[in-house]
Amino acid sequence: MATINPYIHFNGNAEEAFKFYRSVFGGEFARVVRFKEMPIPGIPENEADKIMHIALPIGKNSMLMGSDTPEFMGKHNENENRSKISISAESKEEADKLFNGLSAGGQIEMPIADSPWGSYFGMFRDKFGIEWMVDFDQKYKGQM
């Protein structure tokens, strides 16, 4: 079966964000590529060290990936609300750890708690503007 791996873009702080995500999820980066390592014409010197691609394995089959967007391509609206990254935890303890770690310095939209639909659920926007949902459902135990 296919896997879905979120790919998120940043306004110049992808490296900082991914170091933060690594501090919560653990593991090591599978790949870090800077713009200066790629034959891309027109990248200004002040953006050469920014992240062209970064990948952090999460769990057995997932990868969180991202990049900075060069300034000449415009800025991302950090208050957009078109999408959220959803995490299905394998235990209530893991859900709490991920929710508390990733939401540190961010804005909690829905505190993590037992939900009306039967799962343990919470939502927030992290300190980089990325929106997350954390869920633990005893019926599925991280299989969603």
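What pattern does the chain follow when read along the sequence? The chain runs β-α-β-β-β-β-α-β-β-β, which adds up to two helices and eight strands. Helices (H or I, at least four residues) and strands (E, at least two) are DSSP runs, numbered from the N terminus. This is a predicted model, in which local features need pLDDT of at least 70 and side-chain atom pairs count only at pLDDT 80 or more, while totals for chains, interfaces and linings use all residues. Residues are numbered from 1 along each chain as its sequence is written, and side-chain values use heavy atoms, with hydrogens and water left out.

Start with the overall picture. The C-alpha trace spans about 50 × 30 × 25 Å along its principal axes. Of the 144 residues, 40% count as buried (under 20% relative accessible area, with exposed meaning over 50% and partly exposed in between; 1.4 Å probe, protein chains only). The accessible surface comes to about 8800 Å², and 51% of that belongs to carbon and sulfur atoms; these areas come from the Shrake-Rupley method with a 1.4 Å probe, and for residues only the protein chains shown count as cover.

Now for the sheet. Four strands form an open sheet with mixed pairing, in the order β1-β4-β3-β2. Here, two strands pair if DSSP finds at least two bridges between them. At the edges sit β1 (7–10) and β2 (31–34), each pairing on one side only. On average, neighbouring strands of this sheet are turned by 15 degrees against each other, direction ignored. Strands β1 and β4 (residues 62–68) run parallel and are joined by four bridges; in one pairing, tyrosine 7 has methionine 65 of β4 as its bridge partner. Helix α1 (residues 14–25) packs on the sheet, where it touches β1, β2, β3 (51–58) and β4; contact means heavy atoms within 4.5 Å. The direction of α1 makes about 5 degrees with that of β3, using axes fitted to C-alpha atoms (for helices over the stretch in contact) and angles from 0 to 180 degrees between N-to-C directions.

Then there is the inside. The largest nonpolar core (buried Ala, Val, Leu, Ile, Met, Phe, Trp, Tyr and Cys residues joined through side-chain atoms within 4.5 Å) has 29 residues. Phe10, Tyr21, Leu102 and Trp132 have the most contacts inside this core. Its largest share, seven residues, comes from α1. Tryptophan 132 touches residues including Tyr21, Phe25, Leu64 and Leu102, leaving aside those up to four places away in sequence.
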